[in-house]
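Here are my notes from going through this one, in no strict order of priority. Have the viewer open while you read.

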Amino acid sequence: RIRGSNAMGDRIVPILVGGWMRQIGYRQTGDVRQVDGIRAIKGERDGESVVVEIAGIGSTPGFQDLVDGNAELAMMSRAPTAEELDAGWQLGRVRSPDQEFVVALQAATVIVNAANTIDSLDQTQVSGILDGRITDWSQVGGAPGRIHLHLALATSGLGQLQSQLLGRGTAPGIVRYPDSVAVEQAVATDPRALGITEFGRLHRGSRALVLRVAGRRIVPDRLGVMTEEYPLTRRLQFYSGQLITALGRGFVEYAISDAGQRLLAGRGFTTLAPVALPADPPATAAAEYAGLVAGAQRLSMDFHFSDEFSLFESRTAQDLPRLQAFMRRPENAQRRVTLIGFSDRQSTPQMAISLSNERADLVAQAMSDLGIYAAKVRGVGAALPLVEGKARHANNMRVQVWLR
(Lines give C-alpha, C1' and ligand atoms only; values in the text may rest on other atoms or scores of the structure.)
Protein backbone atom coordinates (compact mmCIF):
# COMPACT_ATOMS: atom_id res chain seq x y z
CA ARG A 1 0.00 0.00 0.00
CA ILE A 2 1.29 3.41 -1.03
CA ARG A 3 -0.68 6.38 0.25
CA GLY A 4 -0.26 10.16 0.25
CA SER A 5 0.39 12.99 -2.20
CA ASN A 6 -2.05 13.39 -5.09
CA ALA A 7 0.75 14.89 -7.20
CA MET A 8 2.59 11.56 -6.99
CA GLY A 9 -0.36 9.19 -6.85
CA ASP A 10 -2.08 10.44 -9.99
CA ARG A 11 0.73 9.81 -12.48
CA ILE A 12 4.26 9.36 -11.13
CA VAL A 13 3.74 6.31 -8.93
CA PRO A 14 1.57 4.32 -11.39
CA ILE A 15 4.27 4.88 -14.05
CA LEU A 16 6.98 3.68 -11.66
CA VAL A 17 4.95 0.66 -10.52
CA GLY A 18 4.49 -0.44 -14.13
CA GLY A 19 8.21 -0.10 -14.87
CA TRP A 20 9.19 -1.90 -11.68
CA MET A 21 6.85 -4.80 -12.39
CA ARG A 22 8.31 -5.21 -15.87
CA GLN A 23 11.86 -5.12 -14.51
CA ILE A 24 11.25 -7.93 -12.01
CA GLY A 25 9.38 -10.04 -14.53
CA TYR A 26 5.76 -9.42 -13.60
CA ARG A 27 3.14 -9.06 -16.32
CA GLN A 28 0.74 -6.26 -15.48
CA THR A 29 -2.74 -7.80 -15.56
CA GLY A 30 -4.95 -5.23 -13.89
CA ASP A 31 -5.30 -1.52 -13.16
CA VAL A 32 -8.60 -0.65 -11.56
CA ARG A 33 -9.93 2.20 -9.43
CA GLN A 34 -11.65 1.09 -6.27
CA VAL A 35 -13.69 3.07 -3.75
CA ASP A 36 -12.19 6.09 -1.97
CA GLY A 37 -9.89 6.85 -4.91
CA ILE A 38 -7.68 3.79 -4.46
CA ARG A 39 -5.96 2.56 -7.61
CA ALA A 40 -4.97 -1.10 -7.61
CA ILE A 41 -2.30 -2.33 -10.04
CA LYS A 42 -1.92 -6.11 -10.29
CA GLY A 43 0.91 -8.13 -11.76
CA GLU A 44 1.52 -11.86 -12.19
CA ARG A 45 4.64 -14.02 -12.53
CA ASP A 46 4.87 -17.81 -12.49
CA GLY A 47 1.41 -18.13 -11.01
CA GLU A 48 2.13 -15.66 -8.22
CA SER A 49 0.53 -12.23 -8.04
CA VAL A 50 1.35 -8.90 -6.46
CA VAL A 51 -1.07 -6.01 -6.00
CA VAL A 52 0.05 -2.43 -5.41
CA GLU A 53 -2.61 -0.13 -3.98
CA ILE A 54 -2.07 3.59 -4.60
CA ALA A 55 -4.22 6.17 -2.81
CA GLY A 56 -3.74 9.86 -3.54
CA ILE A 57 -5.27 11.24 -0.37
CA GLY A 58 -2.81 14.05 0.43
CA SER A 59 0.59 14.15 2.14
CA THR A 60 -0.78 14.64 5.67
CA PRO A 61 -3.15 11.63 5.80
CA GLY A 62 -0.60 9.59 3.82
CA PHE A 63 2.05 10.07 6.50
CA GLN A 64 -0.50 9.31 9.21
CA ASP A 65 -1.29 6.04 7.45
CA LEU A 66 2.42 5.20 7.53
CA VAL A 67 2.49 5.92 11.27
CA ASP A 68 -0.65 3.84 11.85
CA GLY A 69 0.67 0.88 9.86
CA ASN A 70 -1.90 1.24 7.08
CA ALA A 71 0.71 1.92 4.38
CA GLU A 72 4.17 0.63 3.57
CA LEU A 73 5.18 3.86 1.84
CA ALA A 74 3.99 7.44 2.23
CA MET A 75 4.04 9.70 -0.83
CA MET A 76 4.77 13.31 0.15
CA SER A 77 5.27 16.58 -1.71
CA ARG A 78 6.84 18.14 1.38
CA ALA A 79 8.99 17.07 4.29
CA PRO A 80 7.26 15.80 7.45
CA THR A 81 6.65 18.44 10.09
CA ALA A 82 8.22 18.28 13.54
CA GLU A 83 4.82 17.27 14.92
CA GLU A 84 4.52 14.43 12.40
CA LEU A 85 8.03 13.21 13.19
CA ASP A 86 7.20 13.18 16.90
CA ALA A 87 4.00 11.22 16.21
CA GLY A 88 5.97 8.73 14.10
CA TRP A 89 8.92 8.25 16.45
CA GLN A 90 8.51 4.47 16.27
CA LEU A 91 9.23 4.59 12.51
CA GLY A 92 12.89 5.42 13.18
CA ARG A 93 14.90 8.19 11.54
CA VAL A 94 12.38 9.04 8.83
CA ARG A 95 14.51 11.85 7.37
CA SER A 96 17.56 9.58 6.94
CA PRO A 97 18.72 8.45 3.47
CA ASP A 98 17.56 4.92 4.37
CA GLN A 99 13.93 6.02 4.79
CA GLU A 100 13.53 9.19 2.69
CA PHE A 101 13.70 8.75 -1.10
CA VAL A 102 13.54 11.76 -3.42
CA VAL A 103 11.95 10.65 -6.69
CA ALA A 104 11.39 13.80 -8.76
CA LEU A 105 11.17 17.58 -8.61
CA GLN A 106 8.24 19.85 -9.36
CA ALA A 107 8.23 23.63 -9.77
CA ALA A 108 5.82 26.49 -10.38
CA THR A 109 6.44 29.34 -12.83
CA VAL A 110 5.09 32.88 -12.52
CA ILE A 111 4.01 34.16 -15.94
CA VAL A 112 2.81 37.48 -17.34
CA ASN A 113 1.55 38.61 -20.72
CA ALA A 114 4.33 39.01 -23.29
CA ALA A 115 3.61 42.75 -23.51
CA ASN A 116 4.17 43.32 -19.78
CA THR A 117 7.35 45.32 -19.06
CA ILE A 118 7.92 43.66 -15.67
CA ASP A 119 10.77 41.11 -15.90
CA SER A 120 11.23 40.07 -12.27
CA LEU A 121 9.54 39.93 -8.86
CA ASP A 122 10.56 38.63 -5.48
CA GLN A 123 8.63 35.86 -3.75
CA THR A 124 7.11 38.25 -1.20
CA GLN A 125 5.70 40.39 -4.00
CA VAL A 126 4.16 37.37 -5.73
CA SER A 127 2.57 36.23 -2.47
CA GLY A 128 1.30 39.78 -1.89
CA ILE A 129 -0.38 39.77 -5.30
CA LEU A 130 -2.01 36.41 -4.61
CA ASP A 131 -3.46 37.48 -1.26
CA GLY A 132 -4.61 40.90 -2.46
CA ARG A 133 -2.12 43.15 -0.67
CA ILE A 134 -0.69 44.20 -4.04
CA THR A 135 -3.37 44.99 -6.61
CA ASP A 136 -1.76 47.31 -9.18
CA TRP A 137 1.29 46.77 -11.39
CA SER A 138 2.61 50.21 -10.37
CA GLN A 139 3.15 48.83 -6.83
CA VAL A 140 5.88 46.52 -8.18
CA GLY A 141 7.47 48.91 -10.67
CA GLY A 142 5.24 48.30 -13.68
CA ALA A 143 2.92 50.49 -15.72
CA PRO A 144 -0.26 51.49 -13.83
CA GLY A 145 -3.11 49.03 -14.21
CA ARG A 146 -4.99 46.58 -12.03
CA ILE A 147 -3.43 43.11 -11.80
CA HIS A 148 -5.67 40.34 -13.16
CA LEU A 149 -5.01 36.98 -11.51
CA HIS A 150 -5.42 33.73 -13.48
CA LEU A 151 -4.83 30.67 -11.29
CA ALA A 152 -5.56 26.95 -11.28
CA LEU A 153 -8.45 25.44 -9.37
CA ALA A 154 -7.48 25.08 -5.72
CA THR A 155 -8.30 21.34 -5.84
CA SER A 156 -6.10 20.65 -8.90
CA GLY A 157 -2.51 19.43 -8.69
CA LEU A 158 -1.28 22.80 -9.94
CA GLY A 159 -3.48 24.59 -7.40
CA GLN A 160 -2.00 22.56 -4.57
CA LEU A 161 1.54 23.20 -5.84
CA GLN A 162 0.87 26.94 -5.94
CA SER A 163 -0.73 26.88 -2.48
CA GLN A 164 2.28 25.16 -0.91
CA LEU A 165 4.89 27.41 -2.51
CA LEU A 166 3.14 30.78 -2.66
CA GLY A 167 -0.14 30.69 -0.75
CA ARG A 168 -3.71 29.75 -1.64
CA GLY A 169 -4.62 32.92 -3.49
CA THR A 170 -7.34 34.89 -1.68
CA ALA A 171 -7.36 38.16 -3.65
CA PRO A 172 -10.79 39.20 -4.95
CA GLY A 173 -11.54 38.63 -8.62
CA ILE A 174 -9.31 35.60 -9.20
CA VAL A 175 -10.31 33.57 -12.27
CA ARG A 176 -9.71 29.82 -11.88
CA TYR A 177 -8.85 27.23 -14.53
CA PRO A 178 -8.43 23.43 -14.58
CA ASP A 179 -4.76 23.27 -15.64
CA SER A 180 -1.61 25.05 -16.83
CA VAL A 181 -2.72 25.10 -20.46
CA ALA A 182 -5.87 27.06 -19.66
CA VAL A 183 -4.00 29.47 -17.35
CA GLU A 184 -1.40 30.14 -20.02
CA GLN A 185 -4.02 30.77 -22.69
CA ALA A 186 -5.80 33.26 -20.43
CA VAL A 187 -2.60 35.16 -19.61
CA ALA A 188 -1.65 35.31 -23.31
CA THR A 189 -4.82 37.28 -24.07
CA ASP A 190 -4.78 39.61 -21.04
CA PRO A 191 -2.08 42.36 -20.96
CA ARG A 192 -2.57 42.93 -17.22
CA ALA A 193 -2.52 39.25 -16.25
CA LEU A 194 -0.37 37.29 -13.85
CA GLY A 195 -0.66 33.51 -13.72
CA ILE A 196 0.98 30.46 -12.13
CA THR A 197 1.79 27.42 -14.29
CA GLU A 198 3.84 24.27 -13.88
CA PHE A 199 7.50 24.50 -14.85
CA GLY A 200 8.49 23.05 -18.20
CA ARG A 201 5.79 24.51 -20.43
CA LEU A 202 6.48 26.45 -23.64
CA HIS A 203 5.00 29.91 -23.27
CA ARG A 204 3.14 31.37 -26.22
CA GLY A 205 1.97 34.95 -25.77
CA SER A 206 3.21 34.92 -22.18
CA ARG A 207 6.58 35.13 -20.47
CA ALA A 208 8.08 33.51 -17.36
CA LEU A 209 9.32 35.96 -14.73
CA VAL A 210 12.71 35.84 -13.08
CA LEU A 211 12.52 35.65 -9.26
CA ARG A 212 14.74 37.84 -7.10
CA VAL A 213 16.24 36.02 -4.12
CA ALA A 214 18.78 37.49 -1.69
CA GLY A 215 19.86 40.10 -4.21
CA ARG A 216 20.14 37.58 -7.05
CA ARG A 217 18.05 36.94 -10.12
CA ILE A 218 17.06 33.26 -10.34
CA VAL A 219 15.85 32.15 -13.76
CA PRO A 220 13.17 29.43 -13.88
CA ASP A 221 15.28 27.10 -16.02
CA ARG A 222 16.30 23.47 -15.86
CA LEU A 223 19.49 24.12 -13.89
CA GLY A 224 17.74 26.32 -11.34
CA VAL A 225 15.06 23.69 -10.71
CA MET A 226 17.39 20.67 -10.64
CA THR A 227 19.79 22.32 -8.17
CA GLU A 228 16.75 23.59 -6.23
CA GLU A 229 18.13 27.13 -6.29
CA TYR A 230 14.93 28.28 -7.99
CA PRO A 231 12.75 28.93 -4.92
CA LEU A 232 9.44 27.68 -6.35
CA THR A 233 10.71 24.08 -6.44
CA ARG A 234 9.58 21.17 -4.28
CA ARG A 235 10.63 17.57 -3.87
CA LEU A 236 8.37 14.58 -4.47
CA GLN A 237 9.45 11.77 -2.18
CA PHE A 238 8.67 8.47 -0.49
CA TYR A 239 8.96 7.75 3.23
CA SER A 240 9.15 4.34 4.85
CA GLY A 241 9.50 2.89 8.32
CA GLN A 242 12.59 1.05 9.52
CA LEU A 243 10.91 -2.25 8.68
CA ILE A 244 10.00 -2.60 5.04
CA THR A 245 9.31 -5.67 2.93
CA ALA A 246 11.70 -6.84 0.23
CA LEU A 247 9.12 -5.85 -2.40
CA GLY A 248 8.73 -2.39 -0.90
CA ARG A 249 12.48 -1.87 -0.69
CA GLY A 250 12.91 -3.11 -4.24
CA PHE A 251 10.29 -0.69 -5.49
CA VAL A 252 11.77 2.44 -3.90
CA GLU A 253 15.25 1.45 -5.05
CA TYR A 254 13.88 1.09 -8.58
CA ALA A 255 12.20 4.52 -8.31
CA ILE A 256 15.50 6.29 -7.57
CA SER A 257 17.58 4.11 -9.91
CA ASP A 258 18.76 5.11 -13.35
CA ALA A 259 16.04 2.94 -14.93
CA GLY A 260 13.25 4.51 -12.89
CA GLN A 261 14.56 8.03 -13.45
CA ARG A 262 14.84 7.44 -17.22
CA LEU A 263 11.26 6.21 -17.30
CA LEU A 264 9.99 9.35 -15.57
CA ALA A 265 12.14 11.65 -17.70
CA GLY A 266 10.67 10.06 -20.80
CA ARG A 267 7.22 11.06 -19.54
CA GLY A 268 8.25 14.69 -19.10
CA PHE A 269 9.00 14.81 -15.37
CA THR A 270 11.97 16.68 -13.87
CA THR A 271 14.14 13.89 -12.52
CA LEU A 272 17.45 13.71 -10.66
CA ALA A 273 19.66 12.22 -13.39
CA PRO A 274 22.74 14.49 -13.47
CA VAL A 275 23.51 16.77 -16.39
CA ALA A 276 26.25 19.36 -16.88
CA LEU A 277 24.93 22.67 -18.19
CA PRO A 278 26.47 26.01 -19.15
CA ALA A 279 26.07 28.56 -16.38
CA ASP A 280 27.28 32.12 -15.96
CA PRO A 281 28.19 33.37 -12.48
CA PRO A 282 25.58 35.73 -10.98
CA ALA A 283 26.22 39.43 -11.47
CA THR A 284 26.59 39.75 -7.70
CA ALA A 285 29.31 37.08 -7.49
CA ALA A 286 32.76 38.02 -6.24
CA ALA A 287 35.69 38.01 -8.65
CA GLU A 288 37.19 34.92 -6.97
CA TYR A 289 34.05 32.87 -7.58
CA ALA A 290 33.69 34.12 -11.15
CA GLY A 291 37.29 33.12 -11.84
CA LEU A 292 36.81 29.63 -10.42
CA VAL A 293 33.84 28.86 -12.69
CA ALA A 294 34.91 30.71 -15.85
CA GLY A 295 34.56 28.40 -18.85
CA ALA A 296 33.13 25.54 -16.76
CA GLN A 297 29.77 23.78 -16.79
CA ARG A 298 27.75 23.33 -13.63
CA LEU A 299 26.51 19.93 -12.54
CA SER A 300 22.78 19.79 -11.79
CA MET A 301 23.26 18.60 -8.21
CA ASP A 302 24.53 20.43 -5.13
CA PHE A 303 25.74 18.71 -1.97
CA HIS A 304 23.72 19.49 1.16
CA PHE A 305 24.41 18.32 4.68
CA SER A 306 22.40 16.57 7.37
CA ASP A 307 22.83 16.12 11.11
CA GLU A 308 25.14 14.32 13.46
CA PHE A 309 23.79 10.95 12.30
CA SER A 310 24.29 11.37 8.52
CA LEU A 311 26.90 13.47 6.75
CA PHE A 312 24.65 14.18 3.75
CA GLU A 313 20.91 14.70 3.51
CA SER A 314 18.84 12.17 1.61
CA ARG A 315 18.93 13.53 -1.94
CA THR A 316 22.70 14.13 -1.74
CA ALA A 317 23.34 10.62 -0.40
CA GLN A 318 21.31 9.19 -3.27
CA ASP A 319 23.01 11.51 -5.78
CA LEU A 320 26.48 10.13 -5.00
CA PRO A 321 26.13 6.86 -6.98
CA ARG A 322 24.52 8.87 -9.80
CA LEU A 323 27.55 11.14 -9.84
CA GLN A 324 29.90 8.16 -9.86
CA ALA A 325 28.11 6.64 -12.87
CA PHE A 326 28.06 10.03 -14.64
CA MET A 327 31.81 10.56 -14.23
CA ARG A 328 32.54 7.01 -15.47
CA ARG A 329 30.99 7.74 -18.85
CA PRO A 330 33.68 7.87 -21.57
CA GLU A 331 32.84 11.46 -22.49
CA ASN A 332 33.43 12.57 -18.86
CA ALA A 333 36.48 10.52 -17.99
CA GLN A 334 38.94 13.36 -18.61
CA ARG A 335 36.88 16.18 -17.18
CA ARG A 336 38.26 18.12 -14.21
CA VAL A 337 36.11 18.74 -11.14
CA THR A 338 35.94 21.99 -9.18
CA LEU A 339 34.16 22.03 -5.82
CA ILE A 340 33.00 25.33 -4.34
CA GLY A 341 31.75 25.41 -0.77
CA PHE A 342 29.32 27.90 0.78
CA SER A 343 28.37 28.51 4.39
CA ASP A 344 25.52 30.17 6.19
CA ARG A 345 26.03 33.47 7.97
CA GLN A 346 28.64 33.35 10.73
CA SER A 347 29.85 35.84 13.33
CA THR A 348 32.88 36.76 11.18
CA PRO A 349 33.72 36.40 7.47
CA GLN A 350 36.78 34.35 8.45
CA MET A 351 34.60 31.79 10.24
CA ALA A 352 32.31 31.58 7.20
CA ILE A 353 35.29 30.97 4.89
CA SER A 354 36.66 28.30 7.24
CA LEU A 355 33.31 26.52 7.45
CA SER A 356 32.78 26.60 3.68
CA ASN A 357 36.26 25.16 3.12
CA GLU A 358 35.51 22.40 5.61
CA ARG A 359 32.30 21.49 3.76
CA ALA A 360 34.07 21.45 0.39
CA ASP A 361 36.78 19.19 1.85
CA LEU A 362 34.16 16.76 3.16
CA VAL A 363 32.63 16.48 -0.30
CA ALA A 364 36.06 16.04 -1.88
CA GLN A 365 36.74 13.14 0.51
CA ALA A 366 33.39 11.49 -0.22
CA MET A 367 34.04 11.79 -3.95
CA SER A 368 37.57 10.43 -3.67
CA ASP A 369 36.12 7.35 -1.95
CA LEU A 370 34.21 6.80 -5.22
CA GLY A 371 37.30 7.32 -7.38
CA ILE A 372 36.47 10.92 -8.32
CA TYR A 373 39.25 13.41 -7.58
CA ALA A 374 38.64 17.14 -7.51
CA ALA A 375 41.20 19.39 -9.21
CA LYS A 376 40.15 22.44 -7.18
CA VAL A 377 38.44 22.64 -3.79
CA ARG A 378 37.60 26.09 -2.48
CA GLY A 379 35.28 27.70 0.06
CA VAL A 380 33.85 31.17 -0.55
CA GLY A 381 32.08 31.73 2.76
CA ALA A 382 28.54 33.10 3.02
CA ALA A 383 28.43 34.23 -0.61
CA LEU A 384 25.38 33.79 -2.87
CA PRO A 385 22.85 32.79 -0.17
CA LEU A 386 19.75 30.83 -1.15
CA VAL A 387 17.80 32.09 1.86
CA GLU A 388 18.13 35.66 3.07
CA GLY A 389 17.64 37.14 6.50
CA LYS A 390 19.60 37.46 9.71
CA ALA A 391 19.00 33.91 10.90
CA ARG A 392 21.32 31.10 9.92
CA HIS A 393 19.86 28.69 7.41
CA ALA A 394 21.00 25.16 6.53
CA ASN A 395 20.07 25.61 2.84
CA ASN A 396 22.95 28.07 2.47
CA MET A 397 25.40 25.34 3.57
CA ARG A 398 26.13 23.62 0.27
CA VAL A 399 28.81 22.62 -2.22
CA GLN A 400 28.54 23.21 -5.96
CA VAL A 401 30.14 20.91 -8.55
CA TRP A 402 31.62 22.39 -11.74
CA LEU A 403 33.22 20.52 -14.64
CA ARG A 404 35.74 21.45 -17.30
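The points below go from the whole chain down to single residues.

1. First, a reminder that this is a predicted model. On the secondary structure side, the protein chain carries twelve helices and 20 strands. Its radius of gyration is 22 Å, close to the 22 Å that the globule rule gives for 404 residues, so the chain is as compact as a globular protein of that length. Along the principal axes, the C-alpha atoms fill a box of roughly 65 × 55 × 45 Å.

2. On burial and contacts: 52% of the 404 residues count as buried. If you take the contacts with a separation of 6 or more, 68% of them are between residues 24 or more positions apart.

3. The surface comes to about 18,200 Å² exposed, with carbon and sulfur atoms supplying 51% of that area. As for charges, there are 44 positive and 41 negative ones, and their mean positions sit 5 Å apart.

4. Now the aromatics, where the count is seven pairs. One to pull up is phenylalanine 63 with tyrosine 239, an edge-to-face pair at 6.5 Å centre to centre and 85° between the planes. This pair links distant parts of the chain: phenylalanine 63 belongs to helix α2 (residues 59-68) and tyrosine 239 to strand β14 (residues 233-239), 176 residues apart. Both phenylalanine 63 and tyrosine 239 are buried. Elsewhere in the list, ring pairs join Trp20, Phe238 and Phe251 into a cluster.

5. Two backbone spots to look at, starting with aspartate 46. Its phi is near 55°, a positive value in a residue other than glycine. You'll find aspartate 46 in the loop between β3 (38-45) and β4 (48-56). Is aspartate 46 buried or exposed? At 76% relative accessibility, aspartate 46 counts as exposed.

6. The other spot is glutamate 228, which isn't a glycine either but has a positive phi of about 65°. Glutamate 228 lies in the loop between α7 (222-226) and β14. With 23% relative accessibility, glutamate 228 counts as partly exposed, whereas aspartate 46 is exposed.

7. Last, glycine 268, in the loop between α9 (258-266) and β15 (276-278). Its relative accessible area is 66%, over the 50% cut-off, so glycine 268 counts as exposed. Glycine 268 and threonine 124 are 144 residues apart in sequence, and their C-alpha atoms are 30 Å apart in space.

Definitions and conventions
Residues are numbered from 1 along each chain as its sequence is written. This is a predicted model: local features need pLDDT of at least 70, side-chain atom pairs count only at pLDDT 80 or more; totals for chains, interfaces and linings use all residues. Side-chain values use heavy atoms; hydrogens and water are left out. Helices (H or I, at least four residues) and strands (E, at least two) are DSSP runs, numbered from the N terminus. The radius of gyration is taken over C-alpha atoms; the globule rule is 2.2 Å times the number of residues to the power 0.38. Buried means under 20% relative accessible area, exposed over 50%, partly exposed in between (1.4 Å probe, protein chains only). Contact means heavy atoms within 4.5 Å. Accessible areas come from the Shrake-Rupley method with a 1.4 Å probe; for residues, only the protein chains shown count as cover. Lys and Arg count as positive and Asp and Glu as negative; His and the chain ends are not counted. The place of a charge is taken as NZ of Lys, CZ of Arg, CG of Asp or CD of Glu. Rings of Phe, Tyr and Trp (its six-membered ring) pair if their centres lie within 6.5 Å; planes under 30 degrees apart count as stacked, over 60 as edge-to-face and the rest as tilted.
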